[in-house]
Amino acid sequence: MEVYLDNSATTRVFPEVAAEMTQIMCQQYGNPSSLHLKGMEAEQILRRSKETLAKILKVNEKEILFTSGGTESDNLALRGVAQARQRQGRHLITTQVEHPAILQTMHFLEEQGFQVTYLPVDAYGRIHLEDLQRSMRMDTILVSIMHTNNEVGAQQPIAEAGALIKRMNPNTLFHVDAVQGFGKAKIYPKKMNIDLMSVSGHKIHGPKGIGFLYVNEQVRLRPILFGGGQQNNLRSGTENIPGIAGMAMAAKRLYDNYDEDLRNLEECKAFFINGVSQIEGTRVNALLPGLPHGEETAPHIVSVSFRGVRSEVLLHALEEKGIYVSAGSACSARKPQPSATLKAMGIPQDLLSSTIRFSFSVFTNREELEYTLSELREIVPILRMYTRKR
């Protein structure tokens, strides 16, 4: 049996999405900037895709800006705002548990003379609004907080944070990295005081290499790519029409079936947490007190520490059984340093290198999870015995 439980890294494309993209690449392959019929066909696909995404978010079509994915969206939001508003202030706020696309961009901006406050998180991976309030200043031009943590599934109080930010300083912009949250939660930027929001196509059963940035029409950005002036001069480059159409179709598929899919994900998660918790020496991370099945965390992510077992060793042992998981974030999995997220949460030192992320999708089923739990119950004790002998 093959079991794919690394959906936070990337997802399998919906078959209908792949078919639609193939049809566009082979038949409606025009450049949307061209004035002839083929160009007009591509431009219509671009417009319809914007309409689809804007309807999901309840925003205006012109507020959807297509990018190459979450990383570019994050970079454009942070660097674009910082460079456009540096005369108004040079203070930025984010958290200690952001994706590298945010943290590395913040480090870059610090080198450019900006000041950055990194909010701590508690043992459950969540910020405290009191810390955000204390960090707000008159020269704070941007706050960036992720919706859902990609490693442990902790969800931040985005709506409450947005209200607090605007109450403290209406001129401060609020960016949300929703790469892991979009498709698993209903997010409405206008209602939640979100000015900019990043989304990636390959996390929602769409293609890789495509994403979008929601930009409130009142927000002024400085572009980070220059060229032909596409997308109102904010993101030059010929638009990836097959990717855009595929991402929009995948998003519509998820939100059309939202309630059913969410219920299935939550059932899979509760079943898996219950089963893995019965393995001796395990710790499920980010679970809030009184909520043993992770009700207030992402429905598709379970982070488990296996005391006495190195995560890389367990990952490959599961791989031999046809089970694919991740040791933390796939974006930094090839780098040896311990997870910054787990460290910020205060996870004990001996568990930092013993943590596996299991992440589900709409394709995940109970049979796959039963098989995974069965293999874990057999493999983990053997690996612990081997570790003690060494």
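Colleague: Let's start with Thr-297: which loop is its place in?
Modeller: This is a predicted model, where local features need pLDDT of at least 70, side-chain atom pairs count only at pLDDT 80 or more, and totals for chains, interfaces and linings use all residues. Residues are numbered from 1 along each chain as its sequence is written, and side-chain values use heavy atoms, with hydrogens and water left out. Helices (H or I, at least four residues) and strands (E, at least two) are DSSP runs, numbered from the N terminus. On that numbering, the place of Thr-297 is the loop between β9 (282–284) and β10 (301–306).

Colleague: Does Thr-297 count as buried or exposed?
Modeller: Buried means under 20% relative accessible area, exposed over 50%, and partly exposed in between, using a 1.4 Å probe and protein chains only. Thr-297 has 8% relative accessibility, so the label is buried.

Colleague: Which side chain joins that of Thr-297 through a polar contact of 2.3 Å?
Modeller: A polar contact is a pair of N or O atoms within 3.5 Å; within protein, one must be able to donate a hydrogen and the other to accept it, and residues adjacent in sequence count only if both atoms are side-chain atoms. The Thr-297 side chain also reaches the backbone oxygen of Gly-294 at 2.8 Å. Leaving out residues up to four places away in sequence, Thr-297 touches (heavy atoms within 4.5 Å) Gly-153, Ala-154, Gln-155, Lys-269 and Ala-286. The side-chain partner at 2.3 Å is Lys-269.

Colleague: Which are the edge strands of the open sheet with β9, β10 and β12?
Modeller: Strands pair if DSSP finds at least two bridges between them. The order in this three-stranded sheet is β9-β10-β12, with antiparallel pairing. An edge strand pairs on one side only, and here that goes for β9 and β12 (355–359).

Colleague: How many bridges join β10 to β12?
Modeller: One pair to look at is Ser-303, whose bridge partner in β12 is Arg-357. The strands β10 and β12 run antiparallel, and the bridges joining them number five.

Colleague: What angle does helix α8 make with β10?
Modeller: Axes are lines fitted to C-alpha atoms, for helices over the stretch in contact, and angles run from 0 to 180 degrees between N-to-C directions. Helix α8 (residues 258–276) packs on the sheet and touches β9, β10 and β12. Helix α9 (residues 311–320) lies across β10 and β12, at about 40° to β12. For α8 against β10, the angle is about 5°.

Colleague: Which helix gives the largest share of the largest nonpolar core?
Modeller: A nonpolar core is a set of buried Ala, Val, Leu, Ile, Met, Phe, Trp, Tyr and Cys residues joined through side-chain atoms within 4.5 Å. Of the 61 residues in this one, Leu-132, Phe-174, Phe-182, Met-197 and Phe-212 touch the most other members. Nine residues, the largest share, come from residues 241–256, helix α7.

Colleague: How many residues of domain 2 are in contact with domain 1?
Modeller: The bounds, from an automatic or database domain assignment, give domain 1 (15–256) and domain 2 (258–385). Their centres, taken over C-alpha atoms, are separated by 28 Å. On the domain 1 side 27 residues take part, and on the domain 2 side the number is 29.

Colleague: Last one: which helix holds Ser-135?
Modeller: Ser-135 counts as buried because its relative accessibility is 15%. Beyond four places in sequence, Ser-135 touches His-91, Ile-93, Thr-117, Leu-119 and Thr-140. Its place is in helix α5.
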